[in-house]
Amino acid sequence: MKIRILLSAALCSACSPGAGPVVPKTPVERQMIGLMQKFDLWDEDGSGELDEAEISAGLKGKSVPYTARQVIEFYDSSGNGKVSLREAQAGYGRVGEFEPQGQS
């Protein structure tokens, strides 16, 4: 009897719909989801922080006016030479302040 109950509970939970994909409702939610996806993609070692090598790899082949070092200097509020997701989120609202060296 116990096996039948456990089996039916397992089958019901396997068939029940999950949380499903996250659907952003606002432009800010879309930007944050995009940031999290990019962050996860670039965080090759899964440390939860992007170092200069990971940022360089992520920027490779993209036409951007800044270096990985400049990105770290802009976002790294803790001063550890890396960018956490929290730091990236906090800095996202200040992106308009970013001016790469040599450009005014």
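Reader: How do the residues of the lining of the largest pocket divide into nonpolar, polar and charged?

Author: In this predicted model, the lining of the largest pocket divides into 16 nonpolar residues, two polar residues and two charged residues. The pocket is lined by 20 residues, and those nearest its centre are Lys 38, Trp 42, Tyr 66, Val 71 and Tyr 75. Of these names, Trp, Tyr and Val count as nonpolar, whereas Lys counts as charged.

Reader: Which elements supply residues of the lining of the largest pocket, and how much space lies in the pocket?

Author: At least two lining residues come from each of α2, α3, α4 and α5, the last of which spans residues 85-92. The largest share, six residues, is supplied by α2, and the space in this pocket comes to about 480 Å³.

Reader: What makes Glu 87 count as buried?

Author: The relative accessible area of Glu 87 is 9%, and buried means under 20%, so Glu 87 falls on the buried side of the cut-off. Glu 87 lies in helix α5 and, once residues up to four places away in sequence are set aside, touches Tyr 75, Asp 76, Ser 77, Ser 78 and Lys 82. Between the C-alpha atoms of Glu 87 and Glu 49, which are 38 residues apart in sequence, the distance in space is 9.3 Å.

Reader: Why is Gly 91 called buried?

Author: The same kind of reasoning applies. The relative accessibility of Gly 91 is 1%, and the cut-off for buried is under 20%, therefore Gly 91 counts as buried. Gly 91 is also found in helix α5, and beyond its neighbours within four places in sequence it is in contact with Phe 74 and Tyr 75. From Gly 91 to Ser 77, 14 residues apart in sequence, the C-alpha to C-alpha distance is 8.8 Å.

Reader: How do you know that Ala 68 is buried?

Author: For Ala 68 the relative accessibility is 6%, which is to be set against a limit of under 20%, so Ala 68 too counts as buried. Ala 68 is part of helix α4, and its contacts, leaving aside neighbours within four places in sequence, are Glu 52, Ile 55, Ser 56 and Leu 59. The C-alpha atoms of Ala 68 and Gly 58 are separated by 9.0 Å, although these residues are ten apart along the chain.

Reader: Which residues does Leu 59 touch, not counting residues up to four places away in sequence?

Author: Leu 59 touches Trp 42, Val 64, Tyr 66, Thr 67, Ala 68 and Val 71. Leu 59 also belongs to the largest nonpolar core, which has 14 residues, and is listed with Trp 42, Leu 50, Ile 55, Val 71, Tyr 75 and Val 83 as touching the most other members. At least two core residues come from each of α2 (27-42), α3 (52-59) and α4 (68-75), and the largest share, five residues, comes from α4. In soluble globular proteins, nonpolar side chains tend to be buried together.

Reader: How many helices and strands does the chain have, and in what order do the elements run?

Author: There are five helices and two strands, and from the N terminus on they follow the order α-α-β-α-α-β-α.

Reader: What share of the residues of the chain count as buried?

Author: The share that counts as buried is 23% of the 104 residues. The accessible surface of the chain is about 7800 Å², and 58% of this surface belongs to carbon and sulfur atoms.

Methods: Residues are numbered from 1 along each chain as its sequence is written. This is a predicted model: local features need pLDDT of at least 70, side-chain atom pairs count only at pLDDT 80 or more; totals for chains, interfaces and linings use all residues. Side-chain values use heavy atoms; hydrogens and water are left out. Helices (H or I, at least four residues) and strands (E, at least two) are DSSP runs, numbered from the N terminus. Buried means under 20% relative accessible area, exposed over 50%, partly exposed in between (1.4 Å probe, protein chains only). Accessible areas come from the Shrake-Rupley method with a 1.4 Å probe; for residues, only the protein chains shown count as cover. A nonpolar core is a set of buried Ala, Val, Leu, Ile, Met, Phe, Trp, Tyr and Cys residues joined through side-chain atoms within 4.5 Å. Contact means heavy atoms within 4.5 Å. On a 1 Å grid over the protein atoms alone, a cavity is a set of points where a 1.4 Å probe fits but cannot get out, and a pocket is an open set with protein on both sides within 12 Å along at least five of seven lines; lining residues have an atom within 4 Å of a point. Grid points are joined across faces, edges and corners, and a volume is the space filled by probe spheres set on the points.
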